[in-house]
Amino acid sequence: MRITKTDISGLSIPLIDGTRVNTDDLAGKVVLFVNVASKCGFTPQYEALEALHRKYGPRGLVILGFPTDQFKQELGTEAAIDEFCKLNYDVTFPLSQKVWVNGRYRHPIFEKLTKAKDGLGLAGPVMWNFEKFLLLPNGELRRFRSVTKPDDASIVELIEANLS
């Protein structure tokens, strides 16, 4: 699937630290969107996400984590989420405020992201925490389900091939 600049333009993502990311600033970049949770079996993936951020962030990779309690595995407040991520995984990549990733109240970015198909050709709702959506500079969007770790070769190769 391809996303054009206008598909996600003008969206504002409020971050835990009180700042915002505007999707217009992401055009032409390699962006990894991940819905995250603090009390999930996949939570240790924070470690690999942070490693990717530290290795490829200076070359232009943007990682955005979206905490969600959609699957009843996230802490109650943004302050608790932020503290948990920093203390346990030394997370320095941006985290949004808590969002919904499915349904009527989902964040508008997930309305677009969930149209992407995974490796089996399946699109639709986010099935679980730590699904990954990799947006490439040409607008191509790749979707990876929770079981695919952030440092999986299929993700890393795409990141490396698309960074300057």
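**Exercise 1.** Which residues of strand E5 (residues 132–135) point one way and which the other way, and are they buried or exposed?

*Solution.* The coordinates to work from belong to a predicted model. Begin with the general pattern: in a regular strand, side chains alternate between the two faces of the sheet. In strand E5, Lys-132 and Leu-134 point one way, while Phe-133 and Leu-135 point the other way. As for exposure, all of these residues are buried.

**Exercise 2.** Determine which strands pair with E5, in what sense, and what stands opposite Lys-132.

*Solution.* Take strand E3 (residues 31–36) to begin with: E3 and E5 pair in the antiparallel sense over 4 bridges, and in this pairing Val-34 stands opposite Lys-132. Turn next to strand E6 (residues 141–144), which pairs with E5 in the antiparallel sense over 4 bridges, with Phe-144 standing opposite Lys-132. Finally, consider the connection, where E5 and E6 form a hairpin with 5 residues between them; in its turn, Gly-139 has a positive phi of about 95°.

**Exercise 3.** Establish how many disulfides the structure holds, and explain why Cys-85 is in none.

*Solution.* The count is 0 disulfides. Cys-40 is in no disulfide, the nearest cysteine sulfur being that of Cys-85, 12 Å away. To explain the case of Cys-85, apply the cut-off, which requires two cysteine sulfur atoms within 2.5 Å: because the closest cysteine sulfur, in Cys-40, is 12 Å from that of Cys-85, the separation is too far for a bond. As a last step, check accessibility: Cys-40 is buried, with a relative accessible area of 8%, and Cys-85 is buried, with a relative accessible area of 1%.

Methods. Residues are numbered from 1 along each chain as its sequence is written. This is a predicted model: local features need pLDDT of at least 70, side-chain atom pairs count only at pLDDT 80 or more; totals for chains, interfaces and linings use all residues. Side-chain values use heavy atoms; hydrogens and water are left out. Buried means under 20% relative accessible area, exposed over 50%, partly exposed in between (1.4 Å probe, protein chains only). Helices (H or I, at least four residues) and strands (E, at least two) are DSSP runs, numbered from the N terminus. Two strands pair if DSSP finds at least two bridges between them.
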